[in-house]
Amino acid sequence: MSFTYPKKEKLKSKTTIDLLFSEGNSVSKFPLRLVYIENKEENAVLLKMGVSVSKKYFKKAVDRNYFKRVLRETYRLNKHILLDTLEKPYAIMFFYQTKERLSFQEIEEKTIQLFQKFNETIK
C-alpha cells in the first residue's frame, strides 16, 4: 500500500472545482465536510482531492495553511479506505469548518469516520 499524495491526485481543474460546487453531493462529520462528484474526464485518476479552510474561521494564512497541511496528511494516511471501495473515478473537496483548533489525532479520527460515511453513501 502506497501512502503518497502524487501530483496527479491533486484537484486543480477549475471546471471540475466549479462542478463540485454547483452539482456536487456532500457528506459531513463535524467539523469536516466532503463534497464529491463523479469525475467524467478521460483517463481520470480514481481519486482527485483538494482541501479548503475558510478565511471566515481562520483570518491568518499561517493558520489556514496549517489546517490544510493536516487535512492533506490525514487524507494521505487514510486514502486506502476510499480506494478499496471505489469503482468509478471521483473528484472530492475536503473542508475544515469550525473555529475550534482540533488536534491532529482528533482530525484523523473524524477523517476516518467521514471516509467510511462516504463509502456507505456511494454504494
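Q: In which sense do strand 3 and strand 4 pair, and over how many bridges?
A: The model is a predicted one. In it, strand 4, residues 90-96, runs parallel to strand 3, and seven bridges join the two.

Q: Which residue of strand 4 is the bridge partner of Leu 47?
A: The partner is Tyr 90.

Q: What packs on the sheet, and which strands are touched?
A: Helix 1, residues 14-23, packs on the sheet and touches strand 1, strand 2 (32-38) and strand 4. The direction of helix 1 makes about 70 degrees with that of strand 4. Helix 2, residues 61-83, also packs on the sheet, where it touches strand 2, strand 3 and strand 4. Its direction makes about 150 degrees with that of strand 3.

Q: What is the strand order of the sheet, and is the sheet open or closed?
A: The four strands form an open sheet in the order 1-2-4-3, and the pairing is mixed. Strand 1 (25-29) and strand 3 (47-53) are at the edges with a single partner strand each, so one side of each has no neighbour in the sheet. On average, neighbouring strands are turned by 20 degrees against each other, direction ignored.

Q: How should the packing of helix 2 and helix 3 be read, and at what angle do their axes cross?
A: The axes of helix 2 and helix 3 (residues 104-122) come within 9 Å and cross at roughly 45 degrees. Helix 2 is therefore oblique to helix 3. The crossing is right-handed.

Q: Which residues meet in that contact?
A: On the helix 2 side they include Phe 67, Val 70, Leu 71, Tyr 75 and Leu 82. On the helix 3 side, Phe 104, Ile 107, Ile 112, Phe 115 and Phe 118 are among them. The contact residues divide into 12 nonpolar, five polar and three charged.

Q: How many salt bridges does a search of the whole structure find?
A: As a general idea, side chains of opposite charge can pair when their charged atoms come close. In this structure the search finds six salt bridges. Lys 14 forms a salt bridge with Asp 18, with 3.7 Å between the closest N and O atoms. Both residues lie in helix 1, four residues apart, which is about one turn of the helix.

Q: Where is Pro 31, and is the peptide bond joining Phe 30 and Pro 31 cis or trans?
A: Pro 31 is in the loop between strand 1 and strand 2. The bond that joins Phe 30 to Pro 31 is cis, with omega about 5 degrees.

Note on methods
Residues numbered from 1 in each chain as written. Predicted model: local features only at pLDDT ≥ 70, side-chain atom pairs only at ≥ 80, totals over all residues. Heavy atoms only, no water. Pairing = 2+ DSSP bridges. Axes fitted to C-alpha atoms, helices over the stretch in contact; angles between N-to-C directions. Contact = heavy atoms within 4.5 Å. Parallel < 35°, antiparallel > 145°, perpendicular 65-115°, else oblique. Left-handed = near helix turned anticlockwise from the far one by under 90°. Nonpolar A, V, L, I, M, F, W, Y, C, P; charged D, E, K, R; others polar. Salt bridge = Lys/Arg side-chain N within 4 Å of Asp/Glu carboxyl O.
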